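Work through these short exercises with the coordinates open. Try each task before reading its solution.

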Amino acid sequence: MSKRFEDFMYDNNEEFNEIEPSADLWGKIEAQLNFLDEEDQQPKKREAKTFSLGFVLKVAASVIIVMGIGFGIYIQSQKGAKSVDFAAINPEYAQQRVHYASLVETKLTELKSASKNDPQLFKEFSAEIAKMDSTYKKLNNDLATSPNQERVLRAMIRNLQIQTEVLNQQLNVIEQFNQMKKEQNNETKNI
């Protein structure tokens, strides 16, 4: 405190002590407190809450973003869950599919080894098989969403059968070609 203020308080101390609050002052304070208590006990009217347009738009944008993320996750999980249980569709067809798929793989390895002498011929033959294989893969992708999965599975098996037949024909052609070369080599040696 400043020195002047302290001096003023010290000099006028008696005047401050003479003034006392009125006797009914405490009664007035108590009456006001009781009045405030009565207001608190009365039910308050609910105020209508209003939202600004900006707040509503922010909430709507948040909901759309969350739904978009959820939909994206759902789509990703569906892509990962495309593998279909072939045995659940038809166990007999599932066995046939495995059988023909292994035959195709075996014939492809035979074709590779048989056509080592003529890579151009192998390239042409493998292009034909690649076309049929792309059709097989498309059928496999369609199988998950098809309403008639058994029919699509039959088409897949038929595709594998055709691939096997084509590979057998290609192997026969290569064998005949190689045999023809041997005969020509033998004829040239005999001359």
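**Exercise 1. Which are the buried residues of α6?**

Solution. Start from the source: this is a predicted model. Take under 20% relative accessible area as the cut-off for buried. Applied to α6, the cut-off picks out Y93, A94, R97, V104, K107, L108 and L111. Next, look at their partners. The buried residues of α6 pack against three helices: α5 (86-89), α7 (119-143) and α8 (149-190).

**Exercise 2. Check the length of helix α6 against its end-to-end distance.**

Solution. Helix α6 covers residues 91-114, which is 24 residues. The expected span is 1.5 Å times one less than the number of residues. For α6 that gives 34 Å. The C-alpha atoms at its ends are 35 Å apart, so the two values agree. Now inspect the N-terminal end. N90 caps α6 there. A side-chain oxygen of N90 lies 3.1 Å from the backbone nitrogen of E92.

**Exercise 3. Classify A101 and S146 as buried, partly exposed or exposed.**

Solution. Place each residue, then read its accessibility. A101 is in helix α6. Its relative accessible area is 22%, so A101 is partly exposed. S146 sits in the loop between α7 and α8. At 18% relative accessibility, S146 counts as buried. The cut-off of 20% lies behind both assignments. S146 also has a polar partner: a polar atom of its side chain lies 3.2 Å from the backbone nitrogen of N148.

**Exercise 4. Find where residues far apart in sequence come together in space.**

Solution. Begin with A101. A101 and N159 are 58 residues apart in sequence, yet their C-alpha atoms are 9.8 Å apart. Move to V166, in helix α8. V166 and M132 are 34 residues apart along the chain, with 9.9 Å between their C-alpha atoms. Leave out residues up to four places away in sequence, and V166 touches I129 and M132. Then take the whole chain. Of the contacts with a separation of 6 or more, 75% join residues 24 or more positions apart.

**Exercise 5. Describe the largest cavity: its volume, its lining and the classes of its lining residues.**

Solution. Begin with the principle. Rolling a probe the size of a water molecule over the atoms shows where empty space is left. Count next: there is one cavity of 30 Å³ or more. The largest cavity holds about 30 Å³ of space. Its lining consists of A114, S115, K116, N117, D118, L121, I174, F177 and N178. Sort these by class: four are nonpolar, three polar and two charged. Finally, sort by element. α8 gives the most to this lining, with three residues.

**Exercise 6. Summarise the secondary structure and burial of the chain.**

Solution. Count the elements: the chain has eight helices and zero strands. Written from the N terminus on, the order is α-α-α-α-α-α-α-α. Then turn to burial. Of the 191 residues in the chain, 18% are buried. S146 is one residue that counts as buried, and α6 adds others, including L108 and L111.

Key:
Residues numbered from 1 in each chain as written. Predicted model: local features only at pLDDT ≥ 70, side-chain atom pairs only at ≥ 80, totals over all residues. Heavy atoms only, no water. Helix = DSSP H or I, 4+ residues; strand = E, 2+ residues; numbered from the N terminus. Buried < 20%, exposed > 50% of the residue type's maximum accessible area, 1.4 Å probe, protein only. Contact = heavy atoms within 4.5 Å. Polar contact = N/O pair within 3.5 Å; in protein donor to acceptor, adjacent residues only side chain to side chain. 1 Å grid on protein atoms, 1.4 Å probe; cavity = no way out; pocket = protein on both sides within 12 Å on 5 of 7 lines; lining within 4 Å. Points joined across faces, edges and corners; volume = space filled by probe spheres on them. Nonpolar A, V, L, I, M, F, W, Y, C, P; charged D, E, K, R; others polar.
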